[in-house]
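Subject: Structure for your files

Dear colleague,

Here is the structure I said I would hand over. My notes on it follow below.

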Amino acid sequence: MRTRVLVFHPDLQSSTVNKALAQEARKNPELDVIGMYAKYPDFNIDVKAEQEALEQVDRIVLQFPVYWYSVPPLLKKWFDDVLAYGWAYGSQGTALHGKELLIAAGFGAGEEAYQGDSGYTAEQLFAPLHQTSNFIGTTWLDPFVMYGTTGIEQQRLEDYVSAYVRILSDIK
Ligand SMILES: Cc1cc2nc3c(=O)[nH]c(=O)nc-3n(C[C@H](O)[C@H](O)[C@H](O)COP(=O)(O)O)c2cc1C
């Protein structure tokens, strides 16, 4: 299974969690791990190149820190630009049909903030992403969700990193 991991972190060098995940994922030669903010610092996404790269893979991973209960702005622009009519949707737009889509996202706040009693759950917050996946015909995988990423302790970080790499490598 060929996997393309798109990492959307505005400052990956200063990141703790997304940097650790990306570094470990890069050790697996079957994974293409792309730092999208480094590739497109001016937000001018090469749509054709990105589409062609996605056509070659079986699984797409969108990895990002949750910002304001949503995705960082370059990921929003990636949806707007890359998931184009006639390619990702529309009667001729079947390029991504049947590919797997995995969301890998970190919340700074702890899991208790997303239990649903005083707000929304991660599943509810990711509804637009899930609906997008349905719309473009990808298979929605159970999101890989991390909580308490702000000031995370080393052991929990290592646990997340090894769980992530296991999922990406298909070792159950
Ligand atoms: C602009 C901004 C908005 C954020 N919004 C949220 C939020 O809505 N919910 C939350 O739990 N954490 C929020 N955070 C915390 C980030 O999710 C957290 O810093 C990130 O997951 C840590 O990952 P990193 O080490 O890769 O940067 C926000 C952080 C920033 C900078």
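Helices and strands here are DSSP runs, a helix having at least four residues and a strand at least two. On that basis, the chain over residues 1-166 is 36% helix and 17% strand, and the C-alpha atoms at the two ends of that stretch are 14 Å apart. Please keep in mind that this is a predicted model.

The stretch 1-166 comes from UniProt, where an unreviewed entry annotates it as "domain: Flavodoxin-like fold".

Overall fold

The protein chain has seven helices and six strands. Read from the N terminus, their order is β-α-β-α-α-β-α-β-α-α-β-β-α. The radius of gyration is 16 Å, close to the 16 Å that the globule rule gives for 172 residues, so the chain is as compact as a globular protein of that length. The C-alpha trace spans about 45 × 40 × 35 Å along its principal axes. Of the 172 residues, 47% are buried.

The ligand site

The ligand is surrounded by 17 residues, and the closest are H9, S15, N18, W68 and Y114. By type, the shell divides into nine nonpolar, eight polar and no charged residues.

Three polar contacts to oxygen atoms of the ligand can be listed:

- S15: an N or O atom of the side chain is 2.7 Å from a ligand oxygen.
- T149: an N or O atom of the side chain is 2.8 Å from a ligand oxygen.
- G106: a polar backbone atom is 3.2 Å from a ligand oxygen.

On its own the ligand has 630 Å² of accessible area, and the protein covers 74% of that.

S15 in detail

S15 is worth a separate look in the viewer. This residue lies in the loop between strand 1 (3-7) and helix 1 (17-25). Is S15 buried or exposed? Its relative accessible area is 7%, and buried means under 20%, so S15 counts as buried. That value takes only the protein chains into account.

Besides its contact with the ligand, the S15 side chain has polar contacts with the backbone of helix 1 residues. The side chain reaches the backbone nitrogen of K19 at 2.9 Å. A polar atom of the same side chain lies 3.1 Å from the backbone nitrogen of N18, and N18 is itself among the residues closest to the ligand.

Regards

Definitions and conventions:
Residues numbered from 1 in each chain as written. Predicted model: local features only at pLDDT ≥ 70, side-chain atom pairs only at ≥ 80, totals over all residues. Heavy atoms only, no water. UniProt positions renumbered as here; feature names shortened; annotations may be inferred. Buried < 20%, exposed > 50% of the residue type's maximum accessible area, 1.4 Å probe, protein only. Polar contact = N/O pair within 3.5 Å; in protein donor to acceptor, adjacent residues only side chain to side chain. Near = heavy atom within 4 Å. Areas by Shrake-Rupley, 256 points an atom, 1.4 Å probe, with all protein chains shown as cover. Nonpolar A, V, L, I, M, F, W, Y, C, P; charged D, E, K, R; others polar. Rg over C-alpha atoms; globule rule 2.2 N^0.38 Å.
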